[in-house]
Amino acid sequence: MCAFPPGRCRTQFFSVSEFYPPTYVGYQWLSSFELFKESQAVTMECSSLCYLQLLKQCLKVTTCFLLLLFLCNCGTTMSESPYLVGLGSYDITGPAADVNMMGYANAEQTASGVHFRLRARTFIVAEPQGSRVVFVNLEACMASQIVTIKVLERLKSRYGDLYNEQNVAISGIHTHAGPGGYLQYVVYIVTSLGFVRQSFDVIVDGIEKSIVQAHENLRPGSVFVNKGEILDAGVNRSPSAYLNNPLEERNLYKYNVDKEMTLLKFVDDEWGPIGSFNWFATHGTSMSRTNSLISGDNKGAAARFMEDWAKQTGFGGKAKSMYTDFYSKSVAKLQGIPRRVSNIIPGVRENYHDLIELAASFESSGGRPATRFLSVRRRVRSSLSQSQRPGFVSAFCQSNCGDVSPNVLGAFCIDSGLPCDFNHSTCNGKNELCYGRGPGYPDEFESTRIVGDRQFRKAVDLFKNAVEQLKGKVDYRHTYIDFSKLEVTMSSGENVKTCPAAMGFAFAAGTSDGPGAFDFKQGDDKGNPFWRLVRNVLKTPGQEQVECQKPKPILLDTGEMKVPYDWAPSVLPIQILWIGQMVILSVPGEFTTMAGRRLRDAVKTVLTQGGNGKFDKNIHVVIAGLTNTYSQYVTTFEEYQIQRYEGASTLYGPHTLNGYIQEFKKLATALLNGQRVEPGPSPPDLLSKQIELLPPVIVDATPIGVKFGDVKSDVPQNSTFKRGDTVTVVFWSACPRNDLLTEGTFSLVEILDKSTQTWVPAYDDDDFCLRFKWSRPWKLSARSVAAIEWRIPEAAISGVYRIRHFGASKNLLQSISHFTGASGAFVVV
């Protein structure tokens, strides 16, 4: 037995279910050489006998040290890890100016700043000598067929056939606060003035880089699964449609939305836990249709909270609200974010007058030239990256969220404060007045934080208690289906067909998360004579289409509209990813709660009753919504009859869900029996046909005598702020479309290191408390400003701070120049 002297040798061993590294260093040793030197010092006051005893003890220590070191280093080769596991993450934040947001189809909702940045997060699980699967969680409204096509082309050029359409899934979280213009079908890019190349490019680049990271991080590891309920993060926004499902079916479930979160925990053999992905159904509509700041909404917030929690706490302790408690009042807990700050903050409160005097010596810096990489280097989280240890990656993925709203307080009329009409979501017959209320009402940012925090805390609980290890085969099946004319055999034996895509009148009514305009309303199965005339200018649906889509009254016959190119998809991908007991169903749309339940149950029945023993009852089937492409909603046949928004947006008619169930059962059977699947018809590549109408940035300008990055409105001189206050600084800026500052930051809060008189990054674009707001005085103005708002967290450290801005300007010759500027210093007490 090794008996190390107290305090001389400190080891930390990791279990597969918990990981508590205080500073992300797996083993911390005092070297045998140091022990030997220490023993020499002691011998100066000892007899020769004491010297020999100490030397003997030192040799025992050294021997034990070498033995333990050997065992630790051999850990990966001695383990029986079933898989290779790799995770990756990359910035996909699109243009923060001028581009229409994707989700609400509100032409007036254009980006003008950043709430927090968007990312693509990837996991790869592979059998050491066998198959592998890739899952990408995309902080965007949905996946895009053209994005998927181009990502796969890039992967093929890098890796050959290793990664392809069969084993790669790209799934959107459904935030309604990300730049649009990256889809290829006309109906999805009308409000963005057509295709936006910059939005498209940054997403494709980010997905590729996140997959490359995950591939390069592949190492022996394990995957664990856990499940649990979140009761207060989603409500059914179309309960009247849900109630049209059979009573006996509804009685099988306790709630009218799915409350269960399913989480995968990834553990590296050497480094311990390296990340988690989870699936939970709730819409990304905590941020409203009037918000103009890029945001990952509640799921993006949850991902930020969990990744920062992992770095800060090493997965130890109880999960707390990340907005109020993220920056601990204890300096000892500051070792997470920002790590560099923890080494310069004293343990006792500074003398207030000394801080004021110190802050007064730092005036605003004025605008000055910078490099593009300066904003990357100054990012808080880039300062946390470890040279060897993989960064912790946490993704909050979307599921069957079709009728699930995060606005859990319910829908109310903004004029009277009364609940909206139950069947039509109207107020005195008008849908424009009916809005859902989030838990932070009337503050949408607070609602986003709360719903994100609820998902984060459940994910932490599941993560820390995940003990069921995934074991078994890794496999996949994928095919394309033409849903415009799919023949479906019902359980009764009746043969029916799906229809070319079409959108009903209730589509234009929107939902209580984001109501539409004019006199449309949900639950309309008749239509309106005036809007029929308007519709007929674009395309009059044929009688066959009208009959096929009944009882949906057709507003837009998108499946039969081909000018200037396809308005809606016809060919859709469906896919199953299999990892041990975990089965992921990749669907290209938003399934409602009951539609998702029926699909999951159908696939589970096929897999567990196949008779070959590959699956038992302990199988976890999740739906990954909005994956690989986008085709709007999927309701049950019964919900479709009610023609609320979801039914009106079920493109391929009343039998759409039955078509999905039929085809997924075929995939599941092929997976079970090891059979290959016909690839089906390929979807079109419409990139060369895209029309771009968004005007480019012509030139940026400032008033005479003013430089880009100069402060327009500074903090007051000798100003002091308290926790909970908001600090606002306005800079002369330029259009953010000139450079997206990918993996960088537009805004930065810095704290002064008194010992070196240097500024250290503290908060940036990825922090919930910091907002970057960009604006022009009028639409065509070449001048613009950036307002940076910092809501000082309750646990912020006392000290001297300043706010800094990064940007890029364009001159008349179209060349780009980067700049930076900083505010005057101020004190936080």
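Two strands pair if DSSP finds at least two bridges between them, and helices (H or I, at least four residues) and strands (E, at least two) are DSSP runs that are numbered from the N terminus. The structure is a predicted model, in which local features need pLDDT of at least 70 and side-chain atom pairs count only at pLDDT 80 or more, while totals for chains, interfaces and linings use all residues. Residues are numbered from 1 along each chain as its sequence is written, and side-chain values use heavy atoms, with hydrogens and water left out.

**Exercise 1. Describe the surroundings and the partners of strand 40.**

Solution. Begin with burial, where buried means under 20% relative accessible area, exposed means over 50%, and partly exposed lies in between (1.4 Å probe, protein chains only). Strand 40 covers residues 816–822, and because five of these seven residues are buried, the strand is largely enclosed by the rest of the structure.

Next, look for the partners. Strand 39 (residues 799–810) pairs with strand 40 in the antiparallel sense over seven bridges, and in this pairing Ala 808 has His 818 of strand 40 as its bridge partner. The hairpin of strand 39 and strand 40 has five residues between the strands, and Gln 814 takes a positive phi near 70° there. Strand 14 (residues 368–369) also runs antiparallel to strand 40, joined to it by two bridges, and Arg 368 has Thr 820 of strand 40 as its bridge partner.

**Exercise 2. Find where Asn 738 lies, and decide whether it is buried or exposed.**

Solution. First locate the residue: Asn 738 sits in the loop that links strand 34 (726–733) with strand 35 (747–753). Then consider its relative accessible area, which is 13%, so Asn 738 is buried. Finally, list its contacts, where contact means heavy atoms within 4.5 Å. With neighbours within four places in sequence left aside, Asn 738 touches Val 697, Asp 700, Ala 808, Ser 809, Lys 810 and Ile 816.

**Exercise 3. State the order of the strands in the open sheet that contains strand 5, and name its edges.**

Solution. Strands of a sheet pair through backbone hydrogen bonds, either parallel or antiparallel. Here five strands, with antiparallel pairing, form an open sheet in the order 5-37-38-34-32. Its edge strands are strand 5 (113–114) and strand 32 (711–713), each of which pairs on one side only. Strand 5 is joined to strand 37 (residues 770–775) by two bridges in the antiparallel sense, and Gly 113 has Lys 773 of strand 37 as its bridge partner.

**Exercise 4. Work out how helix 8 packs against helix 12.**

Solution. Axes are lines fitted to C-alpha atoms, for helices over the stretch in contact, and angles run from 0 to 180 degrees between N-to-C directions. Helix 8 (residues 297–313) and helix 12 (residues 444–464) have axes 7 Å apart and pack at an angle of about 45°. Helix 8 is therefore oblique to helix 12, since angles under 35 degrees count as roughly parallel, over 145 as roughly antiparallel, 65 to 115 as roughly perpendicular and the rest as oblique. Among the residues that make the contact are Phe 305 and Trp 309 of helix 8, together with Phe 456 and Phe 463 of helix 12.

**Exercise 5. Examine how strand 20 is covered and paired.**

Solution. Eight of the nine residues of strand 20 (residues 474–482) are buried, and the strand is thus mostly covered. Strand 20 pairs with strand 27 (residues 571–579) in the antiparallel sense over nine bridges, and Arg 477 has Ile 576 of strand 27 as its bridge partner.
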